[in-house]
Amino acid sequence: MVSKVFFAPARVRKWRHEESLPGRLQGLLQALKLKEHFAQGDWVAVKTHFGSPGAHRVVRPFFLRVVVEALKAVGAKPFVTDTVRIPGLQYLEVANAQGINHLSVGAPVVLADGLWGRDNVLVRAGELLGEVAVASAIHDAQGMVVVSHVKGHINAGYAGAIKNLAMGAVSAEHRSCGWRCGRGGMHSIGEGKLYWDQERCQLCYQCEEVCPLECISFQEGGKLFYYNDERCWRCGRCKRVCPQGAIQHQEASEEDFLRALAEAAQAVLSTFEPGKVLYLNFLTEIQPECDCMPGADVPVLQDLGVLGSADPVAVEAASMELLRQARPLPDSAAEEHGAGPGDDVLLRLHEKPYWVQLQEAERLGLGSSRYELIRI
Ligand code: SF4
Ligand code: SF4
């Protein structure tokens, strides 16, 4: 099967609205024929990522509004949503600080799994995960537009639609099975415990600051590292920010983690009727790391544009290919890692076999990596 992927390029050569990226996004949404996917009155989740304080390169509210207006034009009832990554009230403040609110996007902005991140439904997943806790507002929605900011990722190597579905539509924890049915179940193996290496630690306290649950504390002037194992979500943020590699975490293997992402994405999609989910990949402000980190680096690749499809595998395959063809930007992490023209920049940065998530998604029947690229 060959799937259609529409491409709205970012380069502007004529100073007309139709030639701008927002104008082309409107054209791309028309090409996707929203009316064939969403019925009058359908509640449609516009699933984006609100980001973190300091991570300012999320998909801008201006673009979210274009999506919302297109959905309203076909009679759907959109809402803009994400799952909580830090306590919900704070996360809504983050969204608002990014400019994502009802006034800016033209639709309600809601937490998909509630203020405490525990409003979710267990859904059967594959052999690695067993079950995952899908956020209720996504589980119960009639349709969804998955709006993903494409960038690098410390664990996944590449983050786009599959990761947005997997980590983004699954909660951090479930009331009964805790972190195991949440995102932590994708990151961790066994008990997923954390280990601290006092020799390496330089007491910068970044791990303590970044923990969403205030699980970490240092006692006796830094001689004792304490973390609340009962509460810990196994999100791995503490390990990721540690500049010394002083925190280790029982993690799944690289390949299992990537396969688990595809499994979780499949579980999320199983809650929708066929054809009720569309995908928009924003290849803009392509920074090296995830928007859940407490900062955003300069882009490693030039803005390329927006890709749209009804096929999650095709949109990811096209995104990865465009990224591989793009030239690394000077004065960026790409240059620091010695990437030159023709190099796979994300592979250079993270050294992860990021394409495994795509291969596994295709093996699970989520779509086709064969695509036809149609320029808008
Ligand atoms: S993995 Fe680290 S940052 Fe995440 S909840 Fe546990 S202690 Fe906190
Ligand atoms: S982030 Fe690493 S170096 Fe800094 S206090 Fe935590 S364990 Fe120590």
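These numbered points go through a predicted model, from its domains down to single residues.

1. Domains. The protein chain splits into domain 1, covering 3-184 + 253-375, and domain 2, covering 190-249. Their C-alpha centres are 28 Å apart. Domain 1 gives 12 residues to the contact and domain 2 gives 8 residues. On the domain 1 side, the touching residues comprise 7 nonpolar, 2 polar and 3 charged.

2. Ligand 1. The shell around this ligand holds 14 residues. C211, C215, C232, C235 and C238 are the closest. By class, the shell has 11 nonpolar residues, 1 polar and 2 charged. Keep in mind that Cys counts as nonpolar in this scheme.

3. Ligand 2. Here 13 residues form the surroundings, the closest being C201, C204, C207, C242 and A246. The classes are 10 nonpolar and 3 polar, with no charged residues.

4. The hairpin of strands 11 and 12. Strand 11 (residues 216-219) runs antiparallel to strand 12, and 4 bridges join them. F218 sits opposite F225 of strand 12. The two strands make a hairpin with 4 residues between them. In that turn, E220 has a positive phi of about 50°. Strand 12 (residues 224-227) has two distinct faces: F225 and Y227 are on the covered one, L224 and Y226 on the uncovered one.

5. E214. This residue falls in the loop between helix 8 (206-210) and strand 11. Its phi is near 55°, a positive value in a residue that is not glycine. Is E214 buried or exposed? It is exposed, because 11 other C-beta atoms lie within 10 Å, and the cut-off for exposed is 12 or fewer.

6. E351. A positive phi near 55° occurs here too, again in a residue other than glycine. E351 is in the loop between helix 13 (345-350) and helix 14 (356-363). E351 counts as exposed because it has 11 C-beta neighbours inside 10 Å. Both this backbone angle and that of E214 may merit a look in the viewer.

7. R200. The loop between strand 10 (194-196) and helix 8 holds R200. R200 counts as partly exposed because it has 13 C-beta neighbours inside 10 Å. Leaving out residues up to four places away in sequence, R200 touches Q244, G245 and A246. One of these, A246, is also among the closest residues to ligand 2. R200 and G143 are 57 residues apart along the chain, and their C-alpha atoms are separated by 48 Å.

8. Helix 2, geometry. Does the length of helix 2 agree or disagree with its residue count? It agrees: the 13 residues of helix 2 (residues 61-73) should span 18 Å at 1.5 Å a residue, and the end C-alpha atoms are 18 Å apart. After helix 2 comes G75, with a positive phi near 90°.

9. Helix 2, surroundings. The buried residues of helix 2 are P61, F63, L64, V66, V67, V68, A70 and L71. An α-helix has 3.6 residues a turn, so residues three or four places apart point the same way. The cover over the buried residues of helix 2 includes helix 1 (21-31) and helix 4 (102-105). Strands contribute as well, including strand 2 (43-47), strand 3 (77-82), strand 7 (143-149) and strand 14 (277-283).

10. K77. This lysine belongs to strand 3, one of the elements covering helix 2. K77 is partly exposed because 17 other C-beta atoms lie within 10 Å, whereas buried would need 20 or more. Not counting residues up to four places away in sequence, K77 touches G41, D42, W43 and V44. K77 and V44 are 33 residues apart in sequence, yet 5.9 Å apart in space, C-alpha to C-alpha.

11. Strand 15. Why is strand 15 described as largely enclosed by the rest of the structure? Because 5 of the 5 residues of strand 15 (residues 305-309) are buried. Strand 1 (residues 3-9) pairs with strand 15 in the antiparallel sense, over 4 bridges. Strand 14 also runs antiparallel to strand 15, joined by 5 bridges. G308 of strand 15 is a useful landmark: F6 stands opposite G308, and so does L280.

Notes. Residues are numbered from 1 along each chain as its sequence is written. Chains are lettered from A and ligands numbered from 1 in the order in which they are written. This is a predicted model: local features need pLDDT of at least 70, side-chain atom pairs count only at pLDDT 80 or more; totals for chains, interfaces and linings use all residues. A residue is near a molecule or strand if its C-beta atom, placed from the backbone, lies within 6 Å of it. The expected span of a helix is 1.5 Å times one less than its number of residues. Two residues are in contact if their C-beta atoms, placed from the backbone, lie within 7 Å. Two strands pair if DSSP finds at least two bridges between them. Domain bounds come from an automatic or database domain assignment.
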